[in-house]
Amino acid sequence: MDSSVHLDNTIMQFGEFTAIQQTDLTIKSGEFFSFLGPSGCGKTTILNMISGFIDPTQGDIKIGGKSMRGVPANKRPTSMIFQNLALFPLMTVAENIEFGLEVRGVSKSERKKASDRLLELVALEGSGNKKVSELSGGQKQRIAIARALAVEPQVLLLDEPLSALDLKLRQHMRTELKAIQRKTGITFIYITHDQGEALTMSDRVAVMSAGRIQQVADPITLYRDPHTAFVASFVGENNGVPGKVIEANSGLVVLDCGPLGKLTGRSQGNIAIGTDATLFIRPEHFRLQAEDGMHTLRATIDEVNFEGAYLTLNANTPANLPLSIQLGTHQFSESLKKGAPVSLSYNQQDAIVIAGGGHV
Amino acid sequence: MFSQLKSRFGSSLAVGIIGMIAIWLIGLVILPQILMVDYSFRPNLLPADIGGPNDTYSLMNYETLFSNKIHLAIFFKTIWSSVLVTSLTLVVSYPIAFYLAKVATPQKAALCLLLLIIPFWINEILRTFSWYIILAYKGPLNALLLGLGIIDRPIRFLSGDGGVLIGMVYAYILFMIFPIYNAIESLDANQIKAARNLGAGWIRTHWRVVIPHAKPGIATGCIMTFMLAAGSYAVPALLGSPGSRWFTQIIYNWFFEGGDWNQGAAYAFLLLIICIGFIALVMRVFKVGLGDIAK
């Protein structure tokens, strides 16, 4: 079955405020797709449009190729897991799971069969008669998943459902969600501000900022090849060094970074000589020993933090631009201490230059 | 309670507060009630005979109601009409309460609440009189309906049960709206979205999610409206007489026209007992406890 979701030149406005800028995006059938962005970037609005709680101001939402314009929320082939789960507190666990089937007029015995099967899927056999209030946070989470799957949706929408859980449970649920998605083959659309969740679970991620999709890519591409300064700094940690373009050829760009000297990196898109641009270097790409073809920055150590497998250094540069550096613990030496000078080298292929300067 | 008050206000003020509450409860609530109970079991006698050989306790005053067919009919009519008023008020209030609590923007809700409350700054008698004017045979409502061509000749709303029902629904609507509004407001909006998302239409969403949640509020509203309706005097007197009489009017007559306080007290207690029975029934039907209602 085709359960792709197509945002067909969708625009969403609330009065004067444009929550979603014109967006054209296809989420493939059976894909685990995430919208990643800070709060207020419009990702929940997208979920509300797909589920039918609001209709886009312009454009259309298509599910499985069918236009959803004018189709009310209760008639769409979608099912949602809410941030606060929104289980019905006055119903038992089984009644919660069976609610969607009850609405569809499924017989009592069929409903019972379905809820038993789903309770087994989420590893909570035999808790059908419990009250919702008797469940733990993780169990509630699973019941919410079971309830959403009971109606056999084509598309499952997840609105930051793991944010209320503690770290360990959250990591466990990530694996479980991914497994359920593989087992059922349903299109999962996941909303989160937590990049860890988005990167570990998703086939593809759309990074959003201020109502606009910045980049859609698989997690590794997103990390390695950010297209915009926002993606570069929002996904993973990054150091942004602003400068002016003085040379640009064969995919490499040289920036004049003032007191930091001339720095070279891989160019992202077309970057013209004389314009402002920012060079992004990830903390783990810095080296203490320069090798051939590497570029070097001089800095002073502000702080050294030991994190187990690695060290993080905060350093300041002559341009008063703070840098964050991550080193393997084996690189630790007594000379790495507060106030000590340090020379940081990087490979030009690991640095990315993105047009636009100023703040990051 | 005393120690709490004492630690907060000091002992002299605490004694004062408790004392005032005690005076109010005992002097103004409990003693008059006991006096009325006493009255209701004794015959109506001339002042000279009170305390004499004829002044004995009996159920005579209570029996009067059951031997007087007209009074009995009015008694049951009052109960039945109050049930009707309560149901009608519930039907009218629930959508308004839901709209205010979950649909309207905060500004609109505030405006609507203000518009609902302002008329209630006016005395109940005056509000009822305004309905007297609206519903009059040659009044504006009939004129409007005639003008729109909905009716051929004016309807006699007053001097019957119709006017009383309309007047009472209006008089007590706030007592229904507010408890339900409060109850629905505390419902997580995602519950409604979840029900819709799982395929429920509006009726089922209300029936399975909103109403179960709002049950304590609905019960509170129903109890208040029923009590006020059954105990109402002004509305039936103004909008119903002479065609529609209310049991409270009979009680009034016993006290102030018949001069028979003993008989009036017995009637009043019968009404009270039925009302308490109704509350118990509503609480049973809605499966709510006193604690839920006090919320």
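# A tour of a two-chain model

In chain A, residues 24 or more positions apart account for 66% of the contacts with a separation of 6 or more. Here, two residues are in contact if their C-beta atoms, placed from the backbone, lie within 7 Å. This is a predicted model, in which local features need pLDDT of at least 70, side-chain atom pairs count only at pLDDT 80 or more, and totals for chains, interfaces and linings use all residues. Residues are numbered from 1 along each chain as its sequence is written, while chains are lettered from A and ligands numbered from 1 in the order in which they are written.

## Stop 1: chain A as a whole

Select chain A and show it as a cartoon. You will see 8 helices and 19 strands. Helices (H or I, at least four residues) and strands (E, at least two) are DSSP runs, numbered from the N terminus. The C-alpha trace of chain A spans about 75 × 45 × 35 Å along its principal axes. Of the 360 residues in chain A, 39% are buried. A residue is buried if 20 or more other C-beta atoms lie within 10 Å of its own, exposed if 12 or fewer, and partly exposed in between, with the C-beta atoms placed from the backbone.

Now colour residues 5–229 and 237–355 of chain A separately: these are domain 1 and domain 2. Such bounds come from an automatic or database domain assignment. The C-alpha centres of the two domains of chain A are 39 Å apart. Where they meet, 4 residues of domain 1 of chain A are in contact with 5 residues of domain 2 of chain A.

## Stop 2: a hairpin at the start

Select residues 5–14 of chain A, which are strand 1. Strand 1 of chain A runs antiparallel to strand 2 (residues 17–27) of chain A, and 7 bridges join them. Two strands pair if DSSP finds at least two bridges between them. Click on Met12(A): its bridge partner in strand 2 of chain A is Ile20(A). The two strands of chain A form a hairpin with 2 residues between them, and Gly15(A) in the turn has a positive phi of about 60 degrees.

Which other strand is joined to strand 1 of chain A by 5 bridges? Strand 4 (residues 58–63) of chain A is, and the two run antiparallel. There, Asp8(A) has Asp60(A) as its bridge partner.

## Stop 3: an open sheet

A helpful reminder: strands of a sheet pair through backbone hydrogen bonds, either parallel or antiparallel. Next, find the open sheet of 6 strands in chain A, whose order is 6-7-8-3-9-10 with mixed pairing. Strand 6 and strand 10 (212–217) of chain A are its edges, each pairing on one side only. Neighbouring strands here are turned by 20 degrees against each other on average, direction ignored. Axes are lines fitted to C-alpha atoms, for helices over the stretch in contact, and angles run from 0 to 180 degrees between N-to-C directions.

Add helix 4 (residues 137–150) of chain A, which packs on the sheet and touches strand 6 and strand 7 (155–159) of chain A. The direction of this helix makes about 170 degrees with that of strand 6 of chain A.

At the other edge, 5 bridges join strand 9 (residues 204–209) of chain A to strand 10 of chain A, and these run antiparallel. One bridge partner to click is Ala217(A), opposite Val205(A).

## Stop 4: chain B

Switch to chain B, where there are 14 helices and 0 strands. Its C-alpha atoms fill a box of roughly 75 × 70 × 35 Å along the principal axes. Buried residues make up 31% of the 295 residues in chain B.

Select residues 140–147 of chain B. Is this helix 7 well covered or hardly covered? Helix 7 of chain B is hardly covered, with 0 buried residues among its 8. Just after helix 7 of chain B, Gly149(B) takes a positive phi of about 75 degrees.

## Stop 5: where the chains meet

Show both chains. The contact takes 16 residues from chain A and 15 residues from chain B. On the chain A side, strand 6 (78–81) and helix 2 (93–103) each supply at least two residues. Helix 2 of chain A gives the most to that side, with 3 residues.

## Stop 6: the nonpolar core

In soluble globular proteins, nonpolar side chains tend to be buried together. A nonpolar core is a set of buried Ala, Val, Leu, Ile, Met, Phe, Trp, Tyr and Cys residues joined through C-beta atoms within 7 Å. In the largest one, of 139 residues, Ile189(A) and Ile180(B) touch the most other members. Helix 8 (residues 161–185) of chain B gives the largest share, 17 residues. Both domain 1 and domain 2 of chain A give residues to this core, so it lies between them.

Finish by centring on Ile189(A). Leaving aside neighbours within four places in sequence, its contacts include Val5(A), Ile27(A), Phe33(A) and Leu158(A).
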